[in-house]
Amino acid sequence: MEKCTISRRNFIKNSALTAAVTGLTLTTGCSTSAEKPLNPSKKPLSDKTNILLITCDQLSFDAITANGNSHVRTPGIDQIVSGGTSFDATYCQFPLCSPSRASFWTGKLPHQTKVMANDARMIHNRTTTIGSLFSEAGYETKHFGKTHDFGSLRGFDVARENLEQSEDFPEAFPEHYQSKRDRVTVELATEYLQREHSDPFLLAVEFYNPHNINNWIGAFHGRFDRMPDMGVLPPLRANYQNNDLANRPDSIKYACCTTARQKQAAHWSEDNYRQYLKAYYHYTQMADDCVGKVLNALAKSDAADNTLIVFMSDHGDGMGSHKLVAKSHFFYDEAARVPFVMAGPGIPAGRRISSISGLCDLLPTLCDYSGIAYPDDLYGKSLMPLLQSQEEPTDWRTSIVSQWHTLAERSIQPARMLRTRDFKYTHYLEDGGEELYDMSKDPGETRNLVNDPAYRSQLQAMRQEFSNYLEQTGDNYLFLKADPGKGTREHQLGYHHHA
């Protein structure tokens, strides 16, 4: 394949990556090539196993009881975790709905799908997707619930009626259309599972919640000094304080300037953040109730004993850690680390796997499990080798990447995250700002080590790993431009100074 290469020496001026990448070449992806051949078919683990894929939107790994959170109740999700294998170091490839979904449905990175915002263009209509592969393999592919797919659900029979079902709700927890649609999704999934199934199926059931938390912020904007009674409030998370804010990239220092929900939370008190967590857990429990109902429907169906269950989230939530809310351009674990659990035929129960993985691994994993050939040019990797061995394969990936560009083409803040087993590195194009965290010693990401002499060699190693990633994937990140908007970096340091 002909490559388009450009010397990095000329376009990384003022970048903190200069020392690491000078003199290398970058494959920009500006030339096209024929699609690589499919992998040869493999013997399936079970040749007629159904697949039930359940997702929740904006659910953090840390917001699940089975993952150690005693302030929320998630019996439905806990049932899947206890009965299956949890991949505890799974990261989304973009902490935003549409880019993340286009990535996991295709196994490709967002810069490859071109879905880099919530108002992006459609993916190429010949892009291989989970739906296209499984429908061509003879599976009945059905989808109920949230879409936001920009064409990546190609191959699925998608219910797009967007029906809503309202119920009474407490004043402190107002409901948006998302909660109302989730109730309809449960009914549609239940009705489908109650049918007789002559062909194997791949059923995707995607819930909006706890995404309703975003609209909760907006509903109470300007009146957080007179909130309705919410009962006993959960404690703040251990990494709530952002005492290291002066040592962070500008995009983090001034997150309140360019992120709508962060603007609305800029002047919150500690109690307001506790109220936020209470509401987040409330909507999480609503999502879990939906999950539990679908599991009950499966248990009563003719597919009860022959269905692989996969549970995951498209991205997480700030959870008030570092005083950040909702989701946006930050890659802290609360926002970027997500649950990913498999349970069913051939999957060990109660097992935890700590190897680095990503949502982009969904496509090759499901295909590998089912014996379906898939393209070999994906960023995602099959998780089956991890499931089939007690030891991590020697050729397993050393890192996983997450990306950011924009929420909806307003403030442009290109950024990338690189996560290895022990460290997390982020780079923001706006000011060349970097973060480095020792995740084994500081899982709360409370101290940026970029300027710590003791971690100089590790920083250089992460820069080189990041440079290698850019070269290997053709990510043109360093060619992009940042535009945070005028007047967005002018107030004193600290979100509470936002005007």
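Rings of Phe, Tyr and Trp, the last represented by its six-membered ring, are taken to pair if their centres lie within 6.5 Å. The structure analysed here is a predicted model. A search of the whole structure on this basis finds 24 aromatic pairs.

Within the pair formed by Trp-268 and Tyr-276, the ring centres are 5.5 Å apart and the planes meet at 50°; the pair is therefore classed as tilted. Trp-268 and Tyr-276 are both buried. These two residues also belong to a cluster linked by ring pairs, whose other members are Trp-216, Phe-220, Phe-224, Tyr-240 and Tyr-273.

For Phe-466 and Tyr-469, the distance between ring centres is 5.9 Å and the angle between planes is 20°, so this pair counts as stacked. Both residues are located in helix α15 (residues 456-473), where a spacing of 3 residues separates them by about one helical turn. An α-helix has 3.6 residues a turn, so residues three or four places apart point the same way. Like the tilted pair, Phe-466 and Tyr-469 are both buried.

A contact between a charged group and a ring is found at Phe-61: Arg-337 lies over the face of this ring, at 3.8 Å from its centre.

Helix α13 spans residues 362-370 and is mostly covered, with 9 of its 9 residues buried. The buried residues include Leu-362, Leu-363 and Leu-366, together with Pro-364, Cys-367 and Tyr-369. Asp-368 is also among the buried residues of α13, as are Thr-365 and Ser-370. Just after the helix, Gly-371 adopts a positive phi of about 75°.

Key:
Residues are numbered from 1 along each chain as its sequence is written. This is a predicted model: local features need pLDDT of at least 70, side-chain atom pairs count only at pLDDT 80 or more; totals for chains, interfaces and linings use all residues. Side-chain values use heavy atoms; hydrogens and water are left out. Buried means under 20% relative accessible area, exposed over 50%, partly exposed in between (1.4 Å probe, protein chains only). Helices (H or I, at least four residues) and strands (E, at least two) are DSSP runs, numbered from the N terminus. Rings of Phe, Tyr and Trp (its six-membered ring) pair if their centres lie within 6.5 Å; planes under 30 degrees apart count as stacked, over 60 as edge-to-face and the rest as tilted. A charge sits over a ring if NZ of Lys or CZ of Arg is within 6 Å of the ring centre and within 35 degrees of the ring normal.
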